[in-house]
Amino acid sequence: MDRTTTEWNLSLNMRAALVALVLLVVGLGLWEGLNQVPSGGNTAEMTEYEKLMGGVEDTARVPPPSDVIERAWQELSNPFYDAGPNDKGIGIQLGYSLYRVLAGYLLAAAVAIPVGFLIGMSPLMYRALNPFIQVLKPISPLAWMPLALFIIRDSEASAIFVIFICSIWPMLINTAFGVAGVREDWVNVARTHELSPMKTAFKVILPAAAPTILTGMRISIGIAWLVIVAAEMLVGGTGIGYYVWNEWNNLDLTSVIFSILMIGVVGMLLDMCLATVSRLVTYEE
């Protein structure tokens, strides 16, 4: 890459950052301005929308960004406090959710990648297992929750199972697709060198299929993080999903909005971690 191209990319990144900053400031300004309590005036002349937005009562309005930032400062100043079952810091709640997501996700990877290899390398197994995959894949993960609670009889393990069942399909399908797409010439070279099937899988097929497999893993972690929030709303107890629902029951919209933003930030960080791994693997190849 020459100097001109590098300078152009830097300029493009700087302009994109500037546009994003402007959009953020404008968006926050509009949000702040539209959610201030109207001062004075006759409440009888207010529209229903004005009353809903706080014309009659301050607690009826959507919290402005200033309130959310203040709450974020309070929560992030002491994120790991524990004052009882229904009063834990945001760090503890996120920790519970991350534990469940990673446990179910790693279990799914341990099953999906080997089975994906088997399907991708064997036309027989592909034809045998494909009907089951096509039937089970479209089922909503949360539809499994009642059955999991009945069989497992533990909310923690049931939430992990739901993450497992929602994470397995993107990894399984992408692994099978990546393995099946490996060039036949490379496999023939491995046979010429009399490599065992295991060595062929690890030294030839896995490196070639790694980018596709990692794409499936990125899709899976995004789905898993989406599902755990909904699952924790159902089973309750701990986790960021329970935190959101508990604050809604307390009619604390400021905390609800703050937790929504934290869900987005953590989800972005999880995706960035896998994206970095994917880039490193692609670069090494």
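Helices here are DSSP runs of H or I with at least four residues, and strands are runs of E with at least two, both numbered from the N terminus. On that basis, the predicted model follows the pattern α-α-α-α-α-α-α-α-α-α-α when read along the sequence. The chain thus comprises eleven helices and zero strands. Of its 285 residues, 36% count as buried. Among contacts between residues at least 6 apart in sequence, 69% join residues at least 24 apart.

A natural place to look next is the interior. In soluble globular proteins, nonpolar side chains tend to be buried together. The largest nonpolar core of this model holds 51 residues, and the members touching the most others are Ile90, Leu94, Met171, Trp225, Ile228, Ile240 and Phe258. At least two core residues come from each of helix 3 (65-77), helix 4 (90-121), helix 7 (155-180), helix 9 (197-235), helix 10 (240-249) and helix 11 (253-284). Helix 9 makes the greatest contribution to this core, with 13 residues. Isoleucine 228, one of the core members with the most neighbours, offers a closer view of the packing. Beyond the residues within four places of it in sequence, isoleucine 228 is in contact with Ser97, Arg100, Val101, Ala159 and Ile163.

Two helix pairs involving helix 4 can be set side by side. Two packed helices are described by the angle between their axes and the distance between the axes. For helix 4 and helix 7, the axes come within 6 Å and cross at roughly 30 degrees. Angles under 35 degrees count as roughly parallel, and helix 4 and helix 7 are therefore roughly parallel to each other. Their crossing is right-handed. Sorted by class, the residues in the contact of helix 4 with helix 7 are 24 nonpolar, five polar and two charged.

The second pair is helix 4 with helix 5 (residues 123-136), which pack at an angle of about 125 degrees with their axes 6 Å apart. Helix 4 and helix 5 are therefore oblique to each other. On the helix 4 side, Val115, Leu118, Ile119 and Met121 take part, and they meet Pro123, Met125, Tyr126, Leu129 and Ile133 in helix 5. The contact of helix 4 with helix 5 divides into nine nonpolar, no polar and no charged residues.

Helix 10 also deserves a look of its own. This helix is mostly covered, with seven of its ten residues buried. The buried residues of helix 10 are Ile240, Gly241, Tyr242, Tyr243, Val244, Asn246 and Glu247. Of these, Ile240 also appears among the core residues that touch the most other members.

The loops bring a further point of backbone geometry. Most residues other than glycine have a negative phi, and most peptide bonds are trans. Leucine 251, just after helix 10, takes a positive phi of about 60 degrees, although it is not a glycine. Leucine 251 sits in the loop between helix 10 and helix 11 and is exposed, with a relative accessible area of 68%. Arginine 153 likewise has a positive phi of about 60 degrees without being a glycine. The position of arginine 153 is in the loop between helix 6 (145-152) and helix 7, where arginine 153 is exposed, with a relative accessible area of 64%.

Methods: Residues numbered from 1 in each chain as written. Predicted model: local features only at pLDDT ≥ 70, side-chain atom pairs only at ≥ 80, totals over all residues. Heavy atoms only, no water. Core = buried A, V, L, I, M, F, W, Y, C linked by side-chain atoms within 4.5 Å. Buried < 20%, exposed > 50% of the residue type's maximum accessible area, 1.4 Å probe, protein only. Contact = heavy atoms within 4.5 Å. Axes fitted to C-alpha atoms, helices over the stretch in contact; angles between N-to-C directions. Parallel < 35°, antiparallel > 145°, perpendicular 65-115°, else oblique. Left-handed = near helix turned anticlockwise from the far one by under 90°. Nonpolar A, V, L, I, M, F, W, Y, C, P; charged D, E, K, R; others polar.
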